[in-house]
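This report describes the strands, helices and ligand surroundings of one chain, and then turns to some unusual backbone angles.

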Amino acid sequence: MGLFPPGRCVDLGTGHGSFARQAASLGWSVTGVDARTQRFPEDERVTWLQADIREMDLEEYDVVLCLGLFYHLTIDDQLDLLRRASGRPLIIDTHLDHGSHAHPLSEPVTIGGFKGRMYHEPGHLTSSWGNQESFWPDLPSFHRMLEENDYRALTFEPWLFSDRTFFLALPFARLDDVD
Ligand SMILES: C[S@@+](CC[C@H](N)C(=O)[O-])C[C@H]1O[C@@H](n2cnc3c(N)ncnc32)[C@H](O)[C@@H]1O
């Protein structure tokens, strides 16, 4: 977040809201969105919004946060989210199908040319909303999903876990803004 001048950001699938609160501490005007309100903290600096992120218009935000959410979506909803976020920086923290067997994933699948595995959602407070299966793309497919929506992604190294890390996805047109 420190790469950009503070503006308006949206934290999709905010859950406990910790990232939204950190962004507020950095001077951002933050909207924290989740379908479940149980874990919203008391913090008046953040606008807490109960909504399905699949129905949100993202036009008004300068930066989109998608932390711990992408891997809870179907591939159609992932592609739709990237399309709606397109044009503004997007920070994604996600699991991928990256050769780790720490999670119960399906056999490899190919959907619409994208390779990955399916994850069966356990139905927890931190799980998907409305879909029982989500898609974990492999790394090349993940990058291609981003590229097809005019993003180029920088990867946080070393990976946080063997199959999970942060990505800073920048619209092609904004790449020159970053050192
Ligand atoms: C694993 S938690 C991530 C929480 C937090 N962002 C983090 O990184 O620690 C996933 C969150 O996404 C929310 N979520 C999943 N699908 C959603 C949807 N379609 N619309 C809104 N929230 C959703 C869940 O309710 C849950 O709070």
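Helices, of at least four residues, and strands, of at least two, are taken here as DSSP runs numbered from the N terminus. With that numbering, Pro158 lies in the loop between β9 (151-155) and β10 (164-171). The model is a predicted one, and the values below are computed from it.

**The seven-stranded sheet**

Seven strands make up an open sheet with mixed pairing, in the order β3-β2-β1-β4-β5-β10-β9. Its edges are formed by β3 and β9, each of which pairs on one side only, and the twist from one strand to the next averages 20°. The table lists pairings in this sheet for which a pair of opposing residues is also given.

| Strands | Sense | Bridges | Opposing residues |
|---|---|---|---|
| β2 and β3 | parallel | five | Gly32 and Trp48 |
| β4 and β5 | parallel | four | Val64 and Leu90 |
| β5 and β10 | antiparallel | six | Asp93 and Phe166 |
| β9 and β10 | antiparallel | five | Arg152 and Leu170 |

Strand β5, which spans residues 90-95, is mostly covered, since five of its six residues are buried. On one side β5 runs parallel to β4, and it is also joined to β10, in the antiparallel sense.

Is Val64, a residue of strand β4, buried or exposed? Val64 is buried, because 24 other C-beta atoms lie within 10 Å and the cut-off for burial is 20 or more. Leaving aside residues up to four places away in sequence, Val64 touches Val10, Leu12, Leu58, Ala85, Arg88 and Leu90; of these, Leu90 is also its bridge partner in β5. The C-alpha atom of Val64 is separated by 15 Å from that of Gly15, and the two residues are 49 residues apart along the chain.

**Helix α1 and what covers it**

Helix α1 comprises residues 18-25, and Phe19, Ala20, Ala23 and Ala24 are buried in it. Viewed down the helix axis, the buried residues of α1 fall within an arc of 145°, so they line one face of the helix. Which strands help to cover these buried residues? The cover includes β1 (8-12), β2 (29-34), β3 (46-50) and β4 (63-67), and these strands belong to the seven-stranded sheet. After α1 comes Gly27, which has a positive phi, near 100°.

**The three-stranded sheet and helix α3**

A further open sheet consists of three strands in the order β6-β7-β8, with antiparallel pairing. At its edges stand β6 (109-111) and β8 (133-137), each of which has a single partner strand, so one side of each is left without a neighbour in the sheet. Here the twist averages 55° from one strand to the next. Strand β7, residues 114-120, is joined to β8 by five bridges and runs antiparallel to it, with His120 standing opposite Glu133 in β8. Helix α3 packs on this sheet, touching β7 and β8, and its direction makes about 105° with that of β7.

Helix α3 also has a relation to the seven-stranded sheet: α3 lies across β9 and β10, running at about 140° to β9. The helix therefore touches β7 and β8 of one sheet and, with contact defined by C-beta atoms within 7 Å, lies across β9 and β10 of the other.

**Surroundings of the ligand**

How many residues surround the ligand? There are 18, and the closest are Gly13, Gly15, Ala35, Gly68 and Trp129. By residue class, the shell around the ligand divides into six nonpolar, eight polar and four charged residues.

**Backbone angles that stand out**

Most residues other than glycine have a negative phi, and most peptide bonds are trans. Asp150, although it is not a glycine, has a positive phi of about 65°. Asp150 sits in the loop between α3 (139-147) and β9, and it is partly exposed, because 16 other C-beta atoms lie within 10 Å and that class falls between the cut-offs of 12 or fewer for exposed and 20 or more for buried. The other case concerns a peptide bond: the one from Glu157 to Pro158 is cis, with omega near -10°, and Pro158 lies in the loop that follows β9 and leads to β10.

Methods
Residues are numbered from 1 along each chain as its sequence is written. This is a predicted model: local features need pLDDT of at least 70, side-chain atom pairs count only at pLDDT 80 or more; totals for chains, interfaces and linings use all residues. A residue is near a molecule or strand if its C-beta atom, placed from the backbone, lies within 6 Å of it. Ala, Val, Leu, Ile, Met, Phe, Trp, Tyr, Cys and Pro count as nonpolar, Asp, Glu, Lys and Arg as charged, and the others, Gly among them, as polar. The arc is that of the directions from the helix axis to the C-beta atoms. Two residues are in contact if their C-beta atoms, placed from the backbone, lie within 7 Å. Two strands pair if DSSP finds at least two bridges between them. Axes are lines fitted to C-alpha atoms, for helices over the stretch in contact, and angles run from 0 to 180 degrees between N-to-C directions.
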